[in-house]
Amino acid sequence: MARPPAAVRAQPAGARGARAAGRAGPAGLALAAVSVALTFTVAILGPSVMEPSLPGRPGQPPWSLAVHPSAYLVVALTAAALAAGTAGLALIIAATRQGWTISPRLVLGAGIVAAAALTLVPPFGSSDHLSYAAYGRMVITGHDPYTTTPAALARLGDPIARAVQDWRSSPSVYGALATSGQALASLVGGTSVRLTVFALSVLDFVAFTLTGLLLHRLARGDRARQLRAAAAWTANPLLLQVLVAGAHVDVQAVLFAIGALAVLVWLLPGRLPAGQRPESQPRQAVIAAGAGALVGLGFAVKATMVLVGAGLALACVLAWRGRQGGPAGWRGPVPVLGGLALGFCATAGASLLAWGPASLGPALRAGSYVSVGSPWRAVRSLLHHAIGIGEGTAEDVVKAGALVLAIVLLVLLVASICRAAPGRWPAVPGLRAPGGLRAPGGLRAPGGWGADRPVSGGPVSGGLVTGGVVAGGVVAGGPGAAAALLAPGAAFAVTFAWLTAWPYVLPWYDGLGWALLALLPWSRLDWLMLARTAALAFGYLPARARGVVMPAGLGWLETVGRTAITPAVLLAVTVALVVMLWPRPGRLRL
């Protein structure tokens, strides 16, 4: 009997793949829902080793029961939530890359509802929110949060400061805008820790929701990218636990970072008829100043948001350098870079003036720590204990090594960006995920962006640039349009290089990376980011030290999980990233 043609034989395999994706997508959503439900359960059970108590009057929000669950139960529930969330997100990534889809608005709405529900119950996972409450209380009571510690305020009998557990001896490491929000929450809560924390959670929920809506809007015009944005941020079960349920102020900083990106993406591209010159440099400088001002506001929440500003500047340099015209391309971005710097200095400088430049000191000191869950911790211990180098010198060596690693990773990431047309990264060899659908968008820009690749006309999808086409070998709108296309990838490259290399790591720091990754096509970077966040979230069960007595049977969570497994996974992610990015002969071109 004759065998059917190869094309016919291939169809059942494709159909099987579609059916598998059709099963994986709903299964992923179901697991994500289970994760959120378990997360909510841990929070509503009340104080435990995962959740610090919140003194306050009965009936005040956030609401919870007084079950007093065992450490084994809440740790198991939290770990199960993380496992379900990790598996669910992995299934969603795999299914959507194979063409499975669902209404992005439905996923976006579900994520917002989940975040709202988690706002109504007490935060857990760390005790950082108690420190936030104390810093706001310092402002209300006339103390400087950058020179006063919660322990010092507690000695004066303050009820809010007495509730602080970790970081009792540390002044605020957050910017003036974060401190203002904490002061507002303190005004609302008064002497009630519970009500103050609830007000802080509401601020975080608003920031989280607005960020999700911004990402949805940035991806307009492309259903696949809107679904990606919702899955990677708003309905991401890992972020819902470590960022929203943890009530971390980082989410407020991310809002301003994505806002800055949106300004650059929406306003910088030229929207002039074909044949006309791009928009004037003064207009570009004003737009860039607006974006820089938002980066400065993010900096005024948390200093690490300067990474996004560096990414936006990098995108502008690459866009103008990729322009045809030789050396003049280096002078082209000067007005835009000047606008970015001016806008940033205006808002960031104003925030430093509020409490004085010394207010940046605590953040700089905290940034020099080496986390237990970081691979650099083993390096520091080796230098100090095995070789005999002093602890301070060992920390300096670690910081220098981390800086070198960050630079190397950034160079590799930038080289990878330069191998792609604007808006197409990371759909390049090494990072492009095999077997999946082609990344959204069809833009191919020749010239400095790889004239050897085919040009595909048509609009840039994903809402990142409307009306941007390839005409005569140049991105319509000129370098401004190219910079807008490059901005999400460049900002992610700078952020991910820092996240991967820096020795002080915590799971909620990955929130910025996920927000930026949500605007990029599916790639192998998704798996690296998922592995990082999951390893850190499991490793910091819980991220608490004071006020917690863990049973002996759970001691392995720190000695094995946080100290060994988490650093090993982070190291594997770093090695995998280098291998993926390492240029083949003749491929490294900046």
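**Figure 1. Helices and strands across the whole predicted model.** Let's begin with the overall fold: this predicted model has 22 helices and two strands. The protein has 590 residues, and 56% of them count as buried. Among contacts with a separation of 6 or more, 77% join residues 24 or more positions apart. On the outside, the protein exposes about 22600 Å², with carbon and sulfur atoms supplying 68% of that area.

**Figure 2. Confidence along the chain.** The average pLDDT is 87, and 85% of the residues score at least 70. Please take some care with residues 435-475, where the pLDDT is below 50; in the model this stretch still has 98 contacts beyond near neighbours in sequence. Residues 586-590 also have a pLDDT below 50, and they have 12 contacts beyond near neighbours in sequence. Where pLDDT is low, the predicted coordinates should not be read in detail.

**Figure 3. Helix H20 and its salt bridge to helix H21.** Helix H20 spans residues 510-517, and eight of its eight residues are buried, so the helix is largely enclosed by the rest of the structure. Those buried residues are Asp510, Gly511, Leu512, Gly513, Trp514, Ala515, Leu516 and Leu517. Have a look at Asp510 here: the side chains of aspartate 510 and arginine 532 meet in a salt bridge, at 2.9 Å from N to O. Arginine 532 belongs to helix H21 (residues 525-539) and aspartate 510 to helix H20, so this pair ties together parts that are 22 residues apart in sequence. Arginine 532 has a relative accessibility of 3% and therefore counts as buried. Aspartate 510, at 0% relative accessibility, counts as buried too.

**Figure 4. Two further salt bridges with buried partners.** The count for the structure comes to six salt bridges, and two of them are shown in this view. In one, arginine 137 pairs with aspartate 158, the closest N and O atoms being 2.6 Å apart. This bridge links distant parts of the chain, 21 residues apart: arginine 137 sits in helix H4, and aspartate 158 in the loop between helix H5 (150-155) and H6. Arginine 137 and aspartate 158 are both buried. In the other, the side chains of aspartate 250 and lysine 302 meet at 2.4 Å, N to O. Aspartate 250 is in helix H11 (residues 250-267), while lysine 302 is in the loop between helix H12 (281-299) and helix H13 (306-321), so the pair ties together parts 52 residues apart in sequence. Here, too, aspartate 250 and lysine 302 are buried.

**Figure 5. Aromatic pairs and a cluster.** A search of the whole structure finds 11 aromatic pairs. For tyrosine 132 and tyrosine 174, the ring centres are 5.3 Å apart and the planes are at 80 degrees, so the pair is edge-to-face. Tyrosine 132 comes from helix H4 and tyrosine 174 from the loop between helix H6 (159-162) and H7, 42 residues apart. Both of these tyrosines, 132 and 174, are buried. For contrast, compare phenylalanine 492 and phenylalanine 496: their ring centres are 5.1 Å apart and their planes at 15 degrees, so this pair is stacked. The two phenylalanines, 492 and 496, are four residues apart in helix H19 (residues 479-501), a separation of about one helical turn. Phenylalanine 492 is buried at 0% relative accessibility, and phenylalanine 496 is buried at 0% as well. Elsewhere, Trp167, Tyr369, Trp498, Tyr504 and Tyr509 form one aromatic cluster.

**Figure 6. The surroundings of alanine 487 and threonine 78.** Alanine 487 is located in helix H19 and is buried, with a relative accessible area of 0%. Leaving aside neighbours within four places in sequence, alanine 487 is in contact with Leu261, Leu264, Val265, Leu312 and Ala315. From alanine 487 to leucine 519 the C-alpha distance is 9.9 Å, across 32 residues in sequence. Threonine 78 lies in helix H2 (residues 71-97) and counts as buried at 1% relative accessibility. Leaving aside neighbours within four places in sequence, threonine 78 is in contact with Val42, Met50, Phe124, Gln241 and Leu541.

**Figure 7. A nonpolar patch on the surface.** Ile140, Leu184, Leu187 and Val188 make a nonpolar surface patch of about 370 Å². Helix H7 (residues 176-189) gives the largest share, three residues. Isoleucine 140 is in helix H4 (residues 128-140) and is partly exposed, with a relative accessible area of 36%.

Terms used
Residues numbered from 1 in each chain as written. Heavy atoms only, no water. Buried < 20%, exposed > 50% of the residue type's maximum accessible area, 1.4 Å probe, protein only. Contact = heavy atoms within 4.5 Å. Areas by Shrake-Rupley, 256 points an atom, 1.4 Å probe, with all protein chains shown as cover. pLDDT = per-residue confidence, 0-100. Patch = residues over 30% accessible without salt bridge, like charges linked within 9 Å, V, L, I, M, F, W, Y side chains within 5 Å. Salt bridge = Lys/Arg side-chain N within 4 Å of Asp/Glu carboxyl O. Phe/Tyr/Trp six-rings, centres within 6.5 Å; stacked < 30°, edge-to-face > 60°.
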